[in-house]
Each structure stands twice: as structure tokens, then as C-alpha cells.
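Okay, thanks for coming, everyone. I've got a structure to walk you through, so let me put it up.

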Amino acid sequence: MNVPRWISPWALSRRGILGMNERNCGYILRYNQREKFPLVDNKLKTKLITRQAGLEAPKLLHVISNQTEIERIGDTLAEQDSFVIKPAQGSGGKGILVVTGRANDRFLKSSGAELKLIDIKRHLSNTLSGLHSLGGKPDVAIIETLIVGNPALAEHSYEGVPDIRLIVFQGYPVMGMLRLATRASDGKANLHQGAIGVGLNIDNGAGIAAVQYNRPVDHHPDTGTAITAIQVPQWMDLLTLASRCYEVTGLGYLGCDIVLDRERGPLLLELNARPGLSIQLANNAGLLPRLRLIESRPGFFQSVDERIAFARQHFGVVTASTSHA
Amino acid sequence: MLQRVLPETADARSLAEQLASTLRRRPPEQNVALLLDRYPPAQLMTALLNAADVPARTVSVLGLEDGIRRERLARYTQFWDGEHWVLLDPISGLLPPDADRLLWQTDAPSVLEVTGGQGSTVTFAMIRQVRSALETAVANDSLNFSLYSLPVAEQGMFKLIMLLPIGALVVVFMRLVVGLKTSGTFMPILLALSFLQTELAPGVISLLLVVILGLLLRTYLSALNLLLVARIATLVILVIGIISVVSILSYRLGLIGGLTISFFPMIILAWTIERMAILWEEEGPREVLVQGSGSLLVAILAYGLMQWSLMKHLAFNFPELHLCVLAMVLLLGRYKGYRLSELVRFAPFYNVPELDDLDRP
């Protein structure tokens with residue numbers, strides 16, 4: 001595909017692309033009340049309110065909030081073969097340590113690297129002192145169960161567990177993207193580091209288009225999967241989970257990160273009050289027409305099922321070829 | 001001393017020059033060292049000239065420089081060469097007639113006399129100012145609300161402070177309209193302020209030097225597993241160390257630019273180094289380069305505007321113009337259009353079909 005070096009602002013506007021300033025001004029500041037930000041910026045708070053509301057999420061094992069708890073971590077984790085350590089206020093996947101198993105007294109990372117207990121303690125200590133949190137604020141570490149990815153999806157990814165980002169606007173899932181780790185991204189599902197983002201058909205969870213480093217790709221560079229052959233299983237459960245986050249948090253413009261667990265199905269990984277714009281590139285479509293359509297709807301209460309039905313009807317793409325016709 | 005110098009000199013002027021060069025010779029002659037031990041240089045010079053029958057006196061002189069605070073009087077010698085009074089720095093020699101020196105007082109015993117107190121000092125603050133006729137006319141008005149009604153030392157501060165909004169406007173514009181990434185929102189303004197003191201080229205070079213050395217030392221710190229607060233404190237101390245070493249080295253090598261390096265906001269520099277190091281570990285060197293050069297570019301642009309003499313004049317003499325700057329910042333705060341960087345980032349959308357008129361936002 002021929003990609004020019006730049007595009008005029010009018011051309012972007014004619015394609016309904018949401019820009020950074022308009023996202024901040026017209027959507028985040030307008031629909032997300034400031035006092036609700038901590039609910040999603042702090043993973044511990046997210047965890048607690050979503051558990052209360054009965055949303056499926058990885059199980060919370062421990063919360064580490066002071067140095068004495070770090071010293072006892074060896075005993076605390078004695079029962080756990082695998083676990084994930086996250087900073088409660090981390091951003092962009094910083095400071096997440098995944099332990100997939102044990103060998104003698106060593107902990108194994110997904111990459112196969114070995115960690116000693118002292119490495120775990122240092123990681124926790126760094127987390128508490130705010131190394132991984134926004135603005136270096138002191139933080140707490142949360143320890144969760146490890147997610148075992150659904151093999152139907154995981155086979156498309158180079159290592160790592162793929163996750164699904166859904167933009168939920170006023171409770172309507174408007175756009176979705178599957179993030180697949182690559183060799184370049186070092187097994188991490190982080191677009192900045194070279195993971196690929198696959199745009200998903202809101203109607204059925206099928207792959208539409210994909211980008212790596214903001215440029216279109218047809219196939220996964222490492223696993224060779226054709227983008228259009230990707231199909232996210234349990235799509236309806238996923239939409240329901242994301243849509244319910246609106247009532248739980250009260251945030252109008254929300255990014256929901258969801259993973260598919262082999263046994264438990266869709267699990268809510270984290271929420272984001274400032275979801276990025278790359279999802280538009282992955283979907284090869286702008287967000288603005290979809291957001292405006294929902295803004296023009298009468299404001300009476302709609303149930304989760306009604307919202308999902310509306311979203312599937314209006315934001316589904318029939319196929320890539322007919323959409324051009 | 002005089003017996004040796006006198007035969008080589010023709011008049012008062014050459015005598016003074018000869019004496020000054022004798023005084024500054026290193027190592028000093030035994031006689032000179034002995035005399036300098038007992039008398040301050042200016043007093044010694046005056047006494048020597050007087051002994052050679054040249055009319056001379058010790059005076060207090062102020063070196064003039066814009067924006068300097070806590071300056072003290074220097075003791076110089078003044079002598080009569082037959083036609084004029086000539087000013088002589090006992091160490092560096094004769095001063096050119098257009099030197100920026102103000103003769104503060106001649107011969108009087110002291111600048112300040114205190115009875116019953118102790119520990120008093122006199123320091124001088126200087127500011128170069130252009131006064132409009134109107135300003136001068138209203139100067140004695142009791143309702144005078146201009147910056148000129150402040151003491152001179154405060155005015156010097158405000159000359160810098162009044163330039164900050166210009167820098168803030170540049171940062172807002174570059175981030176919201178151009179979409180440049182900078183490390184730290186307003187670090188570029190502080191850098192621009194430092195460049196005002198150091199001049200651009202020496203400022204940029206020494207800044208890069210400090211940051212690069214700091215990053216190198218920081219890689220060692222990460223092996224020590226320090227807690228965050230301690231790490232920042234360590235960096236502050238290291239940055240001060242680097243700045244001292246660079247200053248001394250560049251002074252020894254005769255590069256005077258190094259001396260002005262101390263104008264950099266050291267705490268900010270330490271934080272910048274810390275943030276860059278974390279960025280390096282997490283996102284790779286490319287992102288460090290992008291954000292670093294973004295900050296530097298914004299700082300240089302802000303510096304360009306802030307050192308423009310017209311801008312300085314307007315900002316200080318017409319502070320009400322800052323309401324316009326405020327209005328521009330408010331307008332930019334509501335700017336919803338695309339950023340220039342997005343025109344490149346979103347270029348792949350060129351292949352997306354345009355919307356029908358009905359769907360068009």
C-alpha cells in the first residue's frame with residue numbers, strides 16, 4: 001500500500017480522524033470527571049470496584065504496601081508457582097513483572113530468564129518508592145494470578161498473552177483492537193515497542209486491518225498469521241464485560257484492556273481514562289463519526305444489551321472489500 | 001622599586017603601567033611581595049605614584065553590568081597625567097576610557113559608617129533601564145503602579161520574570177499545535193532562562209556535556225538499587241560536581257563559557273537526567289533523543305524570543321501586554337484541531353475512504 005509522507009488536516013477531518021487535542025478537550029475533559037480518574041489510574045482501586053460489581057478479572061492475591069511485607073515476601077509467595085506483580089499506579093505497562101514458574105529457589109520469567117528472591121524484593125522496593133508510577137509518587141504493589149492465554153488467540157502472538165483494547169464511549173463499545181506481541185516488541189503487547197495492533201470488527205470480533213510502528217501490515221511478521229484470518233473467541237462476553245465498565249466507573253470515555261483466559265474467559269486487565277489514538281490506525285477508520293453518532297442519540301438509559309446491539313449494528317464492518325464500494 | 005622603574009619611564013602614564021606590570025608579575029619580586037603583604041594593591045600603587053611625585057589618590061569604583069546583584073566596590077588608583085584624571089586598576093593596568101566603570105567616591109574614608117552596630121555591608125544592584133518620558137513624568141505619583149516603582153534589585157528580577165510568559169506561550173504552542181514531545185512540561189523555559197545568562201552556544205554545549213556525563217554516572221547508580229529520593233539527591237550532588245569540574249577545566253583551558261554553567265537550574269537538571277535514564281531503560285535511546293532534542297529545540301526557540309531586545313522592552317515596560325499572552329494561551333488551550341505531528345503520524349489514513357456527506361462530522 002502506498003503511504004504518503006503526510007496528510008492535510010482537511011483530509012484527516014474528511015475521514016473523521018480523532019486528533020489528540022480534540023480527544024483531550026472534547027471527550028476526556030468533557031465526559032470523564034476528574035474525581036473519577038483515580039478509579040482507573042490506581043489499579044488497586046479498579047480491582048476493588050470491579051470485584052464489587054462482579055466483573056471478571058485476574059484474582060488479587062496480595063497487596064504489598066510496606067517494607068516489612070517485602071521482607072516476608074518469600075513466605076507470602078510460598079504457595080504461588082506463578083504470579084504477576086504490578087505497580088498500582090503504573091502506566092503503559094511499566095513495572096509489570098510476570099513470573100511463570102519456579103525452578104528450585106529461582107523464579108522463571110516468561111522469557112526464560114531466572115530471578116532470585118532478592119530480584120523480586122528489589123523490584124517490589126522500586127515499585128513502592130515510585131519508580132514505575134506516574135510522577136514518581138510512592139506506590140503499592142499488587143500481586144495477581146497469572147493469566148493463561150486462550151490458545152486460539154495466543155497462537156497468533158509471538159510469546160506473551162495478547163490483549164484486547166476496547167474504546168467504550170458512554171457505555172457503547174465503539175472500536176476494538178487486538179494487540180499481538182512480536183519478536184521486535186520482546187514479547188510485550190506494547191505498540192510503542194513494536195507490537196502489532198489488529199483492528200477488530202465490532203460486530204463479530206474478526207480482524208480487519210493491522211499496524212506495526214504506525215504502518216499497515218497484512219501478516220504477523222513472526223507467526224505469519226493473516227490479519228483477516230484472526231477471530232477473537234467469546235466476542236459477546238467481551239463486549240458485555242467492556243460495556244458494563246461504564247456503569248461501574250461512571251467514566252464516559254474509557255479504554256478497557258481485556259485478556260482471554262483459557263479457563264475463565266474474558267478478564268478485565270485494566271482500565272484507561274486516556275486511551276490512545278493508534279486504535280484508529282489499526283482499524284483503518286476514524287473514531288469521530290462513531291462518537292458523534294452516539295452523542296446524537298437521545299440520552300435516556302439504555303441497557304447493556306441494547307447498547308451492544310446498537311454498536312454491533314452501526315460499527316460493524318461487513319467486509320474490508322465491501323466497505324470501499 | 002621606584003629607582004629601578006623610573007629610568008625606564010617617560011611620564012606618569014608609562015610609570016603607572018610599569019608599576020602595575022611589576023605588581024602583577026608572577027612570582028612577585030621579593031620587595032613587591034613584602035609591600036603587598038602590608039598594603040592593599042590600590043593603596044600601595046597610590047603611595048608609589050605619590051613617592052614619584054605623581055598626584056594620585058585611591059578611589060572606589062563600581063563595575064557596571066546589567067542585572068548584577070550583590071556587587072561590591074572595587075578599590076582603584078586614580079592619577080593626574082598632566083591633563084586628565086586617569087583610572088588605574090592596580091592589577092590589570094590602565095583602563096580604556098570607555099570602560100564600564102562608575103567612579104563612586106574619591107578618597108573618602110568609608111562608604112558606610114555605623115555606630116553601635118556590626119556586620120553591616122554595602123552591596124550594589126544594577127539594572128539597565130530605558131525610561132519612557134511618560135514613565136518619568138508619573139514617577140512621583142503616589143498611585144504609581146509600574147514596575148519602575150520597585151527597588152532596582154527587584155526590577156532586575158522582574159526583567160527575567162516578565163519573560164517567563166513568553167517562554168510558556170512557546171511551550172504551549174509547540175506542544176499543542178506542533179505536537180513536539182518535551183521532557184518535562186516547562187523544563188524548556190528554565191533552560192531558555194539559563195541560556196539568557198550563558199549565551200546560546202556555550203549554554204547548549206555545556207548543557208549537553210552535563211546531561212551526557214550525568215547519564216553515564218546514572219547507569220552506575222542503577223546498579224546500586226537506591227530508592228528514588230536518594231537517587232535524585234545523589235544526582236543533584238553529582239550534577240554539582242560535574243558543573244564544578246567542567247567550570248574549572250574550561251577556565252584552565254581559557255574557555256570562559258564554562259564559568260557561566262552554574263546558571264543552570266541544578267535540581268531540574270538532576271530530574272531531567274533521572275527521567276531520561278528511565279526513558280532510556282524503558283523506551284530505548286531513540287525516545288531519549290526525540291524528547292531531548294524536542295526540549296532543546298523549544299528551549300532555543302523560547303530563548304530566541306526572550307533575548308530579542310524588542311520583546312524584552314515590551315515585556316518589561318508594558319506588562320499589560322501579558323494579558324494578550326494570557327489570551328493566546330487560553331485560546332490555544334481550547335484548540336481542537338490536529339497537531340502538525342499528527343499530519344505525519346496519521347498519513348496512513350490517506351488510503352481510508354472519505355466519509356459520505358451525511359456521516360461527515
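I'll go through the ground rules, then chain A, then where the chains touch, then chain B.

So, ground rules. This is a predicted model, where local features need pLDDT of at least 70, side-chain atom pairs count only at pLDDT 80 or more, and totals for chains, interfaces and linings use all residues. Residues are numbered from 1 along each chain as its sequence is written, while chains are lettered from A and ligands numbered from 1 in the order in which they are written. When I say helix or strand, I mean DSSP runs numbered from the N terminus: H or I over at least four residues for helices, E over at least two for strands.

Let's start with the sheet in chain A. It's an open one with six strands, antiparallel, in the order β1-β6-β2-β3-β4-β5. At the edges you find β1 and β5 of chain A, each with a single partner, so one side of each has no neighbour in the sheet. By pairing I mean that DSSP finds at least two bridges between the two strands. β4(A) and β5(A) have two bridges, and there A:Phe107 sits opposite A:Leu115.

Now, which residues of helix α4 in chain A are buried? They're A:Lys43, A:Thr46, A:Lys47 and A:Thr50. Buried here means 20 or more other C-beta atoms within 10 Å of the residue's own, exposed means 12 or fewer, and partly exposed is in between, with C-beta atoms placed from the backbone. Looking down the axis of α4(A), these buried residues fall within an arc of 100°, so they line one face. That arc is taken from the directions from the helix axis to the C-beta atoms. Remember, an α-helix has 3.6 residues a turn, so residues three or four places apart point the same way.

And what do they pack against? The partners include α3, α9 and β13 of chain A, along with β1, β2 and β6. Right after the helix comes A:Gly54, with a positive phi near 80°.

One oddity in chain A: A:Asn104 isn't a glycine, yet its phi is positive, near 55°. You'll find A:Asn104 in the loop between β3 and β4 of chain A, and it counts as exposed, with 5 C-beta neighbours inside 10 Å.

On to where the chains touch. 36 residues of chain A contact 29 residues of chain B, a contact being two C-beta atoms, placed from the backbone, within 7 Å. On the chain A side, α2(A) gives the largest share, five residues.

Over in chain B there's another open antiparallel sheet, five strands in the order β4-β3-β2-β1-β5. β1(B) and β5(B) are joined by five bridges, with B:Val59 partnered to B:Thr106.

Chain B has its own positive phi outside glycine, B:Asp53 at about 65°. B:Asp53 is in the loop between α4 and β1 of chain B and is exposed, with 9 other C-beta atoms within 10 Å.

Last bit: α11 and α12 of chain B pack at about 140°, axes 7 Å apart. Axes are lines fitted to C-alpha atoms, for helices over the stretch in contact, and angles run from 0 to 180 degrees between N-to-C directions. The two helices, α11(B) and α12(B), are therefore oblique; under 35 degrees would be roughly parallel, over 145 roughly antiparallel, 65 to 115 roughly perpendicular, and the rest is oblique. Among the residues meeting there are B:Trp280 from α11(B) and B:Pro285 from α12(B).

That's my tour, thanks.
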